[in-house]
Amino acid sequence: MPQLFSSKNLLHSTQPLVIGAVSSAATLEGISQVTLTSEECDVLELRLDMIDLPLEELQNHASHLPLPLLITARHPDEGGHGNLDASARMKLLDALLPHAALMDVELRSATEMLPLIRKAQSQGVGVIGSFHDFAGTPPDDHLDPGRLNPLS
């Protein structure tokens with residue numbers, strides 16, 4: 001199902017967005033059987049590294065979800081499950097790309113995932129570059145988006 005909002009609209013929202021994280025097969029199966037509205041949740045994040053379903057089932061569920069989807073398959077060092085390498089994470093992300101409004105890729109993986117990032121952009125899927133530091137907040141200069149931008 002085409003997403004209801006473009007990724008550009010989501011990223012430029014003047015209001016905070018409510019993102020519902022879906023991190024298990026049971027939650028995904030349950031959500032795909034209920035009616036969600038944008039009044040309850042703005043975006044559904046599918047944690048593809050955590051949802052243990054075959055790709056065809058993931059795609060089928062994603063095609064029935066009524067809200068914009070943020071897809072992510074996290075790097076193991078940034079909270080990812082299953083110790084998936086970049087190739088495995090890219091396979092998951094690529095399979096769900098037709099259903100996504102947004103895709104999250106850790107900055108540490110951006111260079112090796114550049115072909116998928118470019119594909120997402122060419123399809124109108126917004127790309128979020130993320131960084132997860134579970135020990136604390138890094139200094140401002142470390143978070144400067146221009147410092148690690150593989151697209152520039």
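I began with Ile-117, whose place is in helix H5. I took helices (H or I, at least four residues) and strands (E, at least two) as DSSP runs, numbered from the N terminus. This is a predicted model, in which local features need pLDDT of at least 70 and side-chain atom pairs count only at pLDDT 80 or more, while totals for chains, interfaces and linings use all residues. Residues are numbered from 1 along each chain as its sequence is written, and side-chain values use heavy atoms, with hydrogens and water left out.

I looked up the exposure of Ile-117 and found that it counts as buried, at 4% relative accessibility. Buried here means under 20% relative accessible area, exposed over 50%, and partly exposed in between (1.4 Å probe, protein chains only). I then took the separation of Ile-117 from Met-103, 14 residues apart along the chain, and found 8.4 Å between their C-alpha atoms.

**Core**

Met-103 led me to the largest nonpolar core, where Leu-44, Leu-46, Leu-48 and Met-103 touch the most other members out of 33 residues. Such a core is a set of buried Ala, Val, Leu, Ile, Met, Phe, Trp, Tyr and Cys residues joined through side-chain atoms within 4.5 Å. I noted the elements that give two or more residues to this core: helices H2 (25-31), H3 (55-63), H4 (86-96) and H5 (114-122), with strands S2 (43-47), S3 (69-72) and S4 (102-106). H4 gives the most to this core, at five residues.

I next listed the contacts (heavy atoms within 4.5 Å) of Leu-46. Leaving aside neighbours within four places in sequence, Leu-46 is in contact with Val-22, Leu-28, Ile-51, Ala-62, Leu-65, Leu-69, Leu-70, Ile-71 and Thr-72.

**Sheet**

Thr-72 took me to the strands, where I found Thr-72 opposite Asp-104 in S4. S3 and S4 pair in the parallel sense over three bridges; two strands pair if DSSP finds at least two bridges between them. I traced five strands in an open sheet with parallel pairing, in the order S1-S2-S3-S4-S5. At the edges stand S1 (19-22) and S5 (126-130), each with a single partner strand, so one side of each is left without a neighbour in the sheet.

**Salt bridges**

I counted four salt bridges, each a side-chain nitrogen of Lys or Arg within 4 Å of a carboxyl oxygen of Asp or Glu. Side chains of opposite charge can pair when their charged atoms come close.

I examined Arg-108, which is linked with Asp-77 and Glu-78 in a network of salt bridges. Asp-77 meets Arg-108 at 3.5 Å, N to O; this pair links distant parts of the chain, 31 residues apart. Glu-78 meets Arg-108 at 2.6 Å, N to O. Glu-78 lies in the loop between S3 and H4 and Arg-108 in the loop between S4 and H5, so their pair ties together parts 30 residues apart in sequence. I checked exposure across the network: Asp-77 is exposed at 51%, Arg-108 is partly exposed at 43%, and Glu-78 is buried at 1%.

I closed by returning to helix H5, where I found a salt bridge between Lys-119 and Asp-94 (2.7 Å, N to O). Lys-119 lies in H5 and Asp-94 in H4, so the pair ties together parts that are 25 residues apart in sequence. I recorded Lys-119 as partly exposed, at 35% relative accessibility, and Asp-94 also as partly exposed, at 31%.
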